[in-house]
Amino acid sequence: MFPAFLNLASRRVVVVGGGRVAASKLEALLAAGADVTVVAPDVRPEIERRGVIVVRRPFDAADLDGAWWVVAAAPKEVNRQVLAAAEAKRVFVNAVDDPDHATAYLGGVVRRQGVTVAISTDGRAPALAGLLREALDAWLPGDLDEWMSAADEARRAWKAQGVPMEQRRPLLLETLNRLYEGRLGSDPLHKSTQPLESTCEGGLTPVSLVGAGPGDPELWTVRAVQRVKEADLVLYDALVDVDALRRATRAQCFCVGKRARRDSVPQETIHRLMIRAAKQGKRVVRLKGGDPFVFGRGGEEALALAMAGVPCEVVPGVTTAVAAPELAGIPVTHRGLASAFLVLAGHTSEAVDNTLRSVRPNSVSMVILMGVGARADLASRLMAHGWSAETPAAIVCAASTPDAWTWAGALAQLGAAMPPAGLAGVLVVGEVVRVREVLATASKQSLAGQRSHVRSHILSGT
């Protein structure tokens, strides 16, 4: 592959597809100043909110007239049509996760203060490109903007003085090293170069274990936003909104999240990363979905830090165990239906059985995290412990995000529900699920009443 960086400013770019994948490609295109047109029969609301041109119909070859770049984010049969049309017009196509119908392949990209690093695997292993990107992002210095300013200023001077190109690299190294003269540290790769504030006894800044809530970055607490903004290093979970995180901070950001049936960073490695960075003088944030101490292993991380002599603070987050049900219209407690709720992890069957043996069936609301993949087994276990097959149940996926999805039915039907693939979710079992249906009915009746009220005013001429 021939590596290149494109100037798409004010140039026409066509995105074929209106789903989640297409929406994820808009940020970089708009940041590059491209004039984007989206072509698809159905288009997600967040795409329309970006102010791009939207054409609601199936793809036609004429849609590529005048295009400089094409993103195919549609089903394979549509991508095939896009490739054929683009070939005829000599336009390059990036087909998302569909290398057979692409002539251009994007890699993992790190952008920091005017520096762009891109990693390509020729479209064969995009996940590997992503891992390499995260590694490079963690390695690059936090004060890269200073490097850029110094290098730009030096280049202008050397060009005016006629300094030969082969002499500039060693001169640049000397220039960058001078940035750190008189500072606390001498290694520019470790951001221990500025006086530390809010330090504890022993001179170490506390590591912040921060809850990021159920998904929507607008539900981050004020203190969470402040800690992220001030951080030098952020170790974040897989469910954190990465785009929002990178808009909020200039810190090095590294994904250490765990997802079911996928390779992940070992917990011991996360401990070592936090401890090492804190002892280097960095302000470290461990950003976790929901609340750090609700099935987030925050307690383990706090203990590991304490054993290493590193102080920490906990910044509570809005736990998904409560937020996901309530955003779907399900209160976990309700007078006359449930005076208590129980939260448990659904990925360990023995622990579930032990918990269910200690609870009277149908006496509390049951909220199960990390249990969507095991929903059929969990339903069977609940019924085996005496829970009624007719007990209301719900699945709430991707709460507070544009991909939010909810199913409600009887406990016996839980295993047959088909949530969208790849979305994390919460199971809710108990009479409180019925409140969702009542709220939905009341909302429809209220809306119908408003329309009737408006219609009567129109007919009466008022």
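The legends below describe close-up views of a predicted model.

**Figure 1. Overall content of the predicted model.**
The protein contains 14 helices and 17 strands. Of its 462 residues, 41% are buried. Among contacts with a separation of 6 or more, 59% join residues 24 or more positions apart.

**Figure 2. Helix H1 and its buried side.**
Helix H1 spans residues 20–31, and its buried residues are Ala22, Ala23, Leu26 and Leu29. These residues lie on the same side of H1, because they cover an arc of only 115 degrees around the axis. The partners against which they pack are strand E1 (12–16), strand E2 (35–39), helix H2 (45–48) and strand E4 (69–72). After H1 comes glycine 33, which has a positive phi, near 85 degrees.

**Figure 3. The five-stranded open sheet.**
The strands of this open sheet, 5 in number, follow the order E13-E14-E17-E15-E16, and their pairing is mixed. Strand E13 (341–345) and strand E16 (405–410) each have a single partner strand, so one side of each has no neighbour in the sheet. On average, neighbouring strands are turned by 15 degrees against each other, direction ignored. Helix H11 (residues 320–327) packs on the sheet and touches E13, strand E14 (365–369), E15 and strand E17 (425–429). The direction of H11 makes about 75 degrees with that of E17.

**Figure 4. Strand E14 and its pairing with edge strand E13.**
E13 and E14 are joined by 5 bridges in the parallel sense. Within this pair, phenylalanine 341 stands opposite serine 365 in E14. E14 is mostly covered, with 5 of its 5 residues buried. Ser365, Val367 and Leu369 point one way from the strand, whereas Met366 and Ile368 point the other way. In a regular strand, side chains alternate between the two faces of the sheet.

**Figure 5. Strand E15 between E17 and E16.**
Strand E15 (residues 392–397) runs antiparallel to E16, to which 6 bridges join it. E15 is also antiparallel to E17, with 5 bridges between the two strands. On the E16 side, proline 392 stands opposite alanine 410, and isoleucine 395 has tryptophan 407 as its bridge partner. On the E17 side, cysteine 397 has glycine 425 as its bridge partner. The strand is mostly covered: 6 of its 6 residues are buried. Pro392, Ala394 and Val396 point one way from E15, while Ala393, Ile395 and Cys397 point the other way.

**Figure 6. The largest nonpolar core.**
This core comprises 21 residues, and those with the most contacts inside it are Met366, Ile395 and Leu414. At least two core residues come from each of helix H12 (349–357), E14, helix H13 (375–384), E15 and E17. Two of the residues with the most contacts can be placed on the strands shown above: Met366 belongs to E14, and Ile395 belongs to E15. Beyond its neighbours within four places in sequence, leucine 414 is in contact with Arg375, Ala379, Ala393, Ile395, Trp407 and Leu427.

**Figure 7. Proline 419 in the loop between E16 and E17.**
Proline 419 is located in the loop that links E16 and E17. Its relative accessibility is 14%, under the 20% limit, and proline 419 therefore counts as buried. When residues up to four places away in sequence are not counted, proline 419 touches Val372, Arg375, Cys397 and Trp405. Although proline 419 and glycine 373 are 46 residues apart along the chain, their C-alpha atoms are separated by 9.5 Å.

**Figure 8. Cysteines 312 and 397.**
How many disulfides does the model contain? The count comes to 0 when a pair of sulfur atoms within 2.5 Å is required. A disulfide is a covalent bond between the sulfur atoms of two cysteines. Is cysteine 312 buried or partly exposed? Cysteine 312 is partly exposed, because its relative accessible area of 30% falls between the limits of 20% and 50%. Cysteine 397 counts as buried, because its relative accessibility is 1%. Among the neighbours of cysteine 397 are glycine 425, its bridge partner in E17, and proline 419, which touches it from the loop between E16 and E17.

Methods. Residues numbered from 1 in each chain as written. Predicted model: local features only at pLDDT ≥ 70, side-chain atom pairs only at ≥ 80, totals over all residues. Heavy atoms only, no water. Pairing = 2+ DSSP bridges. Helix = DSSP H or I, 4+ residues; strand = E, 2+ residues; numbered from the N terminus. Axes fitted to C-alpha atoms, helices over the stretch in contact; angles between N-to-C directions. Contact = heavy atoms within 4.5 Å. Buried < 20%, exposed > 50% of the residue type's maximum accessible area, 1.4 Å probe, protein only. Arc of directions from axis to C-beta. Core = buried A, V, L, I, M, F, W, Y, C linked by side-chain atoms within 4.5 Å.
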